[in-house]
Amino acid sequence: MVEIKGILFDKDGTLVDFNATWLGVADFMAMDASEGDRWKADRLLAAAGYDFATKRFKPDSIFASGTNMDVVELWFPRLSDEDQMLAVARFNEITSMQGSAMAVALPGIVETLGVLHRKAYRLGVATNDSTTGAEKTLLTLGVAQLFDAAYGYDAVANPKPAPDTILAFCDLTGLRPAAIAMVGDNRHDLEMARAGGCGLAIGVLSGTGTRESLSQIADVILDSVADLPDFLSARVKETT
């Protein structure tokens with residue numbers, strides 16, 4: 001086994017409590033898109049993956065794992081290219097401002113990131129949110145100084161599940177993909193890990209993904225990123 005020296009984290013559902021942070025933002029976006037029509041907004045939320053029975057977003061749904069472009073294409077399928085870009089810019093503004101300001105860290109995450117940083121792991125964020133939104137969220141959580149970089153969907157030519165972000169992180173850190181672990185709560189996080197040749201594809205159950213949805217593609221499934229230091233330490237002992 002190659003020693004893991006860098007860790008890329010998905011953001012929402014992995015570092016940030018997805019439903020606590022994003023339900024209000026998603027509702028604002030849907031109301032904005034529907035011009036205040038509550039019935040229409042609820043239909044948009046359902047189409048994007050919100051389950052009104054469980055009050056949670058479904059695993060691998062558009063809102064759980066897609067980009068703002070994916071949401072615009074779903075909600076406004078007949079826009080011109082120019083209007084589509086305007087709609088994406090509007091949603092980027094909403095998510096980067098409100099999503100970061102309302103960010104709620106999952107339990108133990110801030111302390112765990114500090115532990116991993118002190119162990120000299122190179123840390124990065126790979127998200128299908130915007131880069132600005134990712135950077136502002138790390139500032140809100142008070143952990144921006146621990147990270148080498150944050151990559152949004154707009155920082156690379158092809159967002160998750162394409163491997164572009166892994167390659168960018170390798171270029172920045174000088175690490176090989178096999179020395180990088182990718183950690184996420186949805187299949188597209190782990191699909192990116194596979195596509196990019198990561199040494200580990202780690203699923204976490206702290207977001208919208210389930211053991212069933214992640215088990216066929218993850219190398220290991222943890223309850224939370226808070227379990228990561230112990231897992232990595234045990235892995236190192238196995239190789240020595």
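## Burial and packing in a predicted chain

Buried residues account for 53% of the 240 residues in the chain, and the model that this figure comes from is a predicted one. The secondary structure of the chain consists of 11 helices and eight strands. The radius of gyration of the chain is 17 Å, close to the 18 Å that the globule rule gives for 240 residues, and the chain is therefore as compact as a globular protein of that length. Taken along the principal axes, the C-alpha atoms of the chain fill a box of roughly 60 × 35 × 35 Å.

Contacts and surface can be described for the whole chain as well. If one takes the contacts between residues at least 6 apart in sequence, 65% of them join residues at least 24 apart. The accessible surface of the chain comes to about 10,600 Å², and 52% of this surface belongs to carbon and sulfur atoms. The chain carries 21 positive and 33 negative charges, and the mean positions of these two sets are 5 Å apart.

Two helices show how burial is arranged within single elements, and the table sets out their buried residues.

| Helix | Buried residues | Arc of the buried residues |
|---|---|---|
| helix 2 (residues 38-47) | Ala41, Asp42, Leu44 and Leu45 | within 160° |
| helix 4 (68-75) | Asn68, Met69, Val71, Val72 and Trp75 | within 160° |

In helix 2, the buried residues are Ala41, Asp42, Leu44 and Leu45. Seen down the axis of helix 2, these buried residues fall within an arc of 160°, so they line one face of the helix. What do the buried residues of helix 2 pack against? Their partners are helix 1 (18-33), strand 2 (50-51) and helix 4 (68-75).

For helix 4, the buried residues are Asn68, Met69, Val71, Val72 and Trp75. When helix 4 is viewed down its axis, its buried residues lie within an arc of 160°, and they therefore line one face of the helix. These buried residues pack against helix 1, helix 2, helix 3 (62-65) and helix 5.

Helix 5, which spans residues 81-101, contains Met85. Is Met85 buried, partly exposed or exposed? With a relative accessible area of 45%, Met85 is partly exposed, because the partly exposed class lies between the limits of under 20% for buried and over 50% for exposed. Met85 and Ser34 are 51 residues apart along the chain, and their C-alpha atoms are separated by 18 Å.

How values were computed
Residues numbered from 1 in each chain as written. Predicted model: local features only at pLDDT ≥ 70, side-chain atom pairs only at ≥ 80, totals over all residues. Heavy atoms only, no water. Helix = DSSP H or I, 4+ residues; strand = E, 2+ residues; numbered from the N terminus. Rg over C-alpha atoms; globule rule 2.2 N^0.38 Å. Buried < 20%, exposed > 50% of the residue type's maximum accessible area, 1.4 Å probe, protein only. Contact = heavy atoms within 4.5 Å. Areas by Shrake-Rupley, 256 points an atom, 1.4 Å probe, with all protein chains shown as cover. Lys, Arg positive; Asp, Glu negative; His and termini not counted. Charge placed at Lys NZ, Arg CZ, Asp CG, Glu CD. Arc of directions from axis to C-beta.
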